[in-house]
Amino acid sequence: MTSNPTLAELADRVTADRDRPAYGHDALITCDRLVRVFTADGVEVQALQGLDLLVREGELMALVGASGSGKSTLMNILAGLDTPTAGAARVAGRDLLTMTAKDRLAYRREVVGFVWQQTARNLLPYLTSAQNVALPMQLAGRSRSGRRARAERALELLELLEVADCRDRRPHEMSGGQQQRVAIAVALAGDPSVLLADEPTGELDSHTAEQIFAAFRTANERLGTTIVIVTHDQAVASEVRRTVAIRDGRTSTEVLRRSEVDATTGHETVVAREYAMLDRAGRLQLPAEYTKALNMRDRVALELEPDHIAVRPDDSEGR
Ligand SMILES: Nc1ncnc2c1ncn2[C@@H]1O[C@H](COP(=O)(O)OP(=O)(O)OP(=O)(O)O)[C@@H](O)[C@H]1O
């Protein structure tokens, strides 16, 4: 089938390998074999076990996973609050492993914005919504743009998130949903490249949660901000185009949704499709429900077909 390559072909392959763009060269967020090990009472916990993830500029995506799968660990690393043990992590050209303390501070102010689950962590209780939104601009040294410009920008953001009527209210005078919308405005105030949200709907009922996801979509569409939302809420899959599942500290599967328009009726439907992540070593995590359904364990049989690879239960026993 395959003949031995000539010397010239081998040289071409080496050149092609060398010139191949680096993993994630065109992504805004690149996590490459990311590892985070915690040691508590002499016991090691591998919270991230070689996680690969690429997020393109302008994406709105969700990370889902069971409790303890590593979502918050990843978020804290992307937020610049924690450092990985090994691997590589880059956000908007910044290397999260080698940043100095000073770079880290600038990174948190200029590159990323956050929305946390606990509304109290997002807003200062003694400031009004408008003041809360203006504060990051002031801290970022935009004093040159003046107080009035900051106030105008704050109002624009509150309007975009449909909470302009709350501009003079303090957090305790607003509902949980209103507080989270204001929190999104605060997170956007510094014009971040990436907005990170950790369980932003965790304390809200499902109807309010839907409105918050809609607010993220508005921010993404109107401002072009790349947004990563971590959530337990499986319902998020119908709210964003891309949902990546994390299992045991690695990305395992991903659901992509896209609109398809029927050529004859013009009717638009949203089609969702699940994909498994294939890492650069060729490793694939099969969804637990698939392997359970076919009683697959330890070993599976593989067959290369012209257009797919078949994965079958181990049939070696009894042969
Ligand atoms: N500071 C820490 N010290 C020791 N172990 C930790 C620490 N932080 C996280 N872990 C462990 O790392 C693993 C991943 O935790 P992480 O909080 O990232 O999960 P998660 O997916 O965010 O869970 P949840 O949805 O419950 O917040 C867990 O086993 C957790 O116990």
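Two strands are taken to pair if DSSP finds at least two bridges between them. The exercises below apply to a predicted model.

**Exercise 1. Determine how β1 is joined to β4, and place the pair within its sheet.**

Solution.
Step 1. Begin with a single bridge: Cys-31 has Ala-89, in β4, as its bridge partner.
Step 2. Count the links. β1 and β4 (residues 86-91) run antiparallel and are joined by 5 bridges. The criterion for pairing is at least two.
Step 3. Extend to the sheet. The strands follow the order β2-β1-β4-β5 in an open sheet of 4 strands with antiparallel pairing.
Step 4. Identify the edges. β2 and β5 (94-95) each have a single partner strand, so one side of each is left without a neighbour in the sheet.
Step 5. Add the helix. α2 packs on this sheet and touches β1, β2 and β4. The direction of α2 makes about 65° with that of β2.

**Exercise 2. Describe the shell around the ligand by its residues and by the elements that supply them.**

Solution.
Step 1. The ligand is surrounded by 13 residues, of which the closest are Phe-38, Ala-47, Ser-67, Ser-72 and Thr-73.
Step 2. Sort the shell by character: 8 residues are polar, 4 are nonpolar and 1 is charged.
Step 3. Assign the shell to elements. At least two residues come from each of β1 (29-40), β2 (43-55) and α2 (71-78). The most come from α2, which gives 3 residues.

**Exercise 3. Examine Asp-41 and Asp-191, each of which has a positive phi, and state whether each is exposed, partly exposed or buried.**

Solution.
Step 1. Recall the background: most residues other than glycine have a negative phi.
Step 2. Asp-41 is not a glycine, yet its phi is about 50°. Asp-191, also a residue other than glycine, has a phi near 50°.
Step 3. Locate both. Asp-41 lies in the loop between β1 and β2, and Asp-191 in the loop between α7 (176-189) and β7 (194-198).
Step 4. Apply the cut-off: a residue is exposed if 12 or fewer other C-beta atoms lie within 10 Å, and buried if there are 20 or more. Asp-41 has 4 such atoms and is therefore exposed. Asp-191 has 15 and is therefore partly exposed.

**Exercise 4. Summarise the protein chain as a whole.**

Solution.
Step 1. Its secondary structure comprises 9 helices and 13 strands.
Step 2. The chain has 319 residues, 32% of them buried.
Step 3. Along the principal axes, the C-alpha atoms fill a box of roughly 75 × 55 × 50 Å.

Definitions and conventions. Residues are numbered from 1 along each chain as its sequence is written. This is a predicted model: local features need pLDDT of at least 70, side-chain atom pairs count only at pLDDT 80 or more; totals for chains, interfaces and linings use all residues. A residue is near a molecule or strand if its C-beta atom, placed from the backbone, lies within 6 Å of it. Ala, Val, Leu, Ile, Met, Phe, Trp, Tyr, Cys and Pro count as nonpolar, Asp, Glu, Lys and Arg as charged, and the others, Gly among them, as polar. Two residues are in contact if their C-beta atoms, placed from the backbone, lie within 7 Å. Axes are lines fitted to C-alpha atoms, for helices over the stretch in contact, and angles run from 0 to 180 degrees between N-to-C directions.
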